[in-house]
Amino acid sequence: QMVVHFHVPSMPQVYVHRSGRTARGGGKGMSVLMVSPEEFTAYRKICNFVSLDEIPVLEESERFMRQAQDRVRLAQRILKGSVANDREHIAKAWTSRQAGELDLAVDDDSKFLDDEARTVAAM
């Protein structure tokens, strides 16, 4: 029912797509866009794209800002973990491809095993 953009998307279409997730099936929802001074140009592009002079500004309330900050921190931790997992997966896939081309096996720690070591590991 609520989408919080903790940074301004570089493409206005992304903002519209993500914001549209708030009101599925004809329901109502809210999209919150946090804009830093450095992101003002991207913010203006979004306003132009959605044909608004300015997206309505939500009155700051201390309670809302605390809740939003908590959610932003959580989103940043999730993103950081996701990127780390993606990098690890890419590295393991590359190692497996290289090992396959060299006819070597790879154990769980991504160390290459030759035929003799593979036989010992299988015992």
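What share of the 123 residues in the protein chain is buried? In this predicted model, buried residues make up 18% of the chain. The exposed surface comes to about 9,800 Å², and carbon and sulfur atoms supply 54% of that area.

As for the overall layout, the protein chain has 4 helices and 4 strands. Read from the N terminus, the elements follow the order β-α-β-α-α-β-β-α. Among contacts with a separation of 6 or more, 45% join residues that sit 24 or more positions apart.

A search of the whole structure turns up just 1 aromatic pair. The partners are Phe 40 and Tyr 43, with 5.5 Å from centre to centre and 45 degrees between the planes, so the pair counts as tilted rather than stacked (under 30 degrees) or edge-to-face (over 60). Both residues belong to helix α2, and because they are 3 residues apart there, about one helical turn separates them. Their surroundings can be told apart, too: Phe 40 is partly exposed, at 45% relative accessible area, whereas Tyr 43 has 9% relative accessibility and so counts as buried.

Then there is Glu 39, which lies in the loop between β2 (30-33) and α2 (40-49). Glu 39 is buried, yet it has no salt bridge. The nearest side chain of opposite charge belongs to Arg 18, and that one is 9.8 Å away; a salt bridge would need the charged atoms to be within 4 Å. So what does Glu 39 touch, leaving aside its neighbours within four places in sequence? Its contacts are His 7, Val 8 and Met 34.

Methods:
Residues are numbered from 1 along each chain as its sequence is written. This is a predicted model: local features need pLDDT of at least 70, side-chain atom pairs count only at pLDDT 80 or more; totals for chains, interfaces and linings use all residues. Side-chain values use heavy atoms; hydrogens and water are left out. Helices (H or I, at least four residues) and strands (E, at least two) are DSSP runs, numbered from the N terminus. Buried means under 20% relative accessible area, exposed over 50%, partly exposed in between (1.4 Å probe, protein chains only). Lys and Arg count as positive and Asp and Glu as negative; His and the chain ends are not counted. Contact means heavy atoms within 4.5 Å. Rings of Phe, Tyr and Trp (its six-membered ring) pair if their centres lie within 6.5 Å; planes under 30 degrees apart count as stacked, over 60 as edge-to-face and the rest as tilted. Accessible areas come from the Shrake-Rupley method with a 1.4 Å probe; for residues, only the protein chains shown count as cover.
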